[in-house]
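Let's walk through this structure together, beginning with one side chain and widening the view from there. Have the sequence at hand as you rotate the model.

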Amino acid sequence: MVSRAFDMPRTTVHNVVHRVCGCVIVAMPRVIRLPSTAEGQREVSEGFARLARHGAFARAMGAIDGCHVRIKSPGEPHGQDYFNRKLFPSIQLQAVCDHAGRFIDVFVGYPGSVHDARVLRHSPLFQSAAYPPPDTFLLGDGGYPCLMRPITLITPYKNPLRGVAQQRLVH
């Protein structure tokens, strides 16, 4: 008879999950890390320029976004804090990826009801202001503010201009 995971006693599954998580935590600093050398940073910036097919993206050092990791509601007294805008309980995961889609920074743990911008403000990446390097930027979606300090973050412009200047760019 073939043993299946759902046939295991709860304590065994619990122990396996905790053991695997422990291994991931130990390996994480070796696998998920910001490019710290000039060569590594140049690889990322050139990679974004190639992807975008435009030299302006040669200053991009990563793409940042958040996602909701579904969880079982922790219950009262703070269970409602974990329900996100799509009405399921979650915790926030913020990640920065390089040009190849590799994770170079992660921050996890805020309740699902917390907005991406607030998660960013409380993240070690933002607090340390050590990345991206000067004269470079991260790319973010509309859930983030466009920032110059303490980190540089470029986001889509929310109110496109309609006028002569735009017409010259379009035509």
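Glu43 has a relative accessibility of 41%, so this residue counts as partly exposed, since the buried class ends at 20% and the exposed class begins over 50%. Keep in mind that you are looking at a predicted model. Which residue does Glu43 form a salt bridge with? The partner is Arg102, and the closest N and O atoms of the two are 3.4 Å apart. This pair links distant parts of the chain: Glu43 belongs to helix H2 (residues 38-52), while Arg102 lies in the loop between strand S2 (90-97) and strand S3 (103-111), 59 residues apart.

The general idea behind such a pairing is simple: side chains of opposite charge can pair when their charged atoms come close.

Now stay with Arg102. With 43% relative accessibility, Arg102 is also classed as partly exposed. Its side chain meets that of Asp98 in a salt bridge as well, with 2.7 Å from N to O. Through shared partners, the salt bridges join Glu43, Asp98 and Arg102 into one network. Is Asp98 buried or exposed? Asp98 is buried, because its relative accessibility is 6% and the class covers values under 20%. A search of the whole structure finds 2 salt bridges.

Aromatic rings come next. The whole-structure search finds 1 aromatic pair. Its members are Phe107 and Tyr110, whose ring centres are 5.9 Å apart and whose planes meet at 50°, so the pair is tilted; the tilted class takes in angles that are neither under 30 degrees nor over 60. Phe107 is buried, with a relative accessible area of 16%, whereas Tyr110, at 23%, counts as partly exposed. Another ring worth finding is that of Phe88: the charged end of Arg70 sits over this ring, 3.9 Å from its centre.

Finally, zoom out to the whole chain. The protein's secondary structure comes to 5 helices and 5 strands, and along the sequence these follow the pattern α-α-β-β-β-α-α-β-β-α. How many of the contacts between residues at least 6 apart in sequence join residues at least 24 apart? The share is 47%. Of the 171 residues, 30% count as buried. The protein exposes about 12,000 Å², and carbon and sulfur atoms supply 60% of that area.

Methods:
Residues are numbered from 1 along each chain as its sequence is written. This is a predicted model: local features need pLDDT of at least 70, side-chain atom pairs count only at pLDDT 80 or more; totals for chains, interfaces and linings use all residues. Side-chain values use heavy atoms; hydrogens and water are left out. A salt bridge is a side-chain nitrogen of Lys or Arg within 4 Å of a carboxyl oxygen of Asp or Glu. Helices (H or I, at least four residues) and strands (E, at least two) are DSSP runs, numbered from the N terminus. Buried means under 20% relative accessible area, exposed over 50%, partly exposed in between (1.4 Å probe, protein chains only). Contact means heavy atoms within 4.5 Å. Accessible areas come from the Shrake-Rupley method with a 1.4 Å probe; for residues, only the protein chains shown count as cover. Rings of Phe, Tyr and Trp (its six-membered ring) pair if their centres lie within 6.5 Å; planes under 30 degrees apart count as stacked, over 60 as edge-to-face and the rest as tilted. A charge sits over a ring if NZ of Lys or CZ of Arg is within 6 Å of the ring centre and within 35 degrees of the ring normal.
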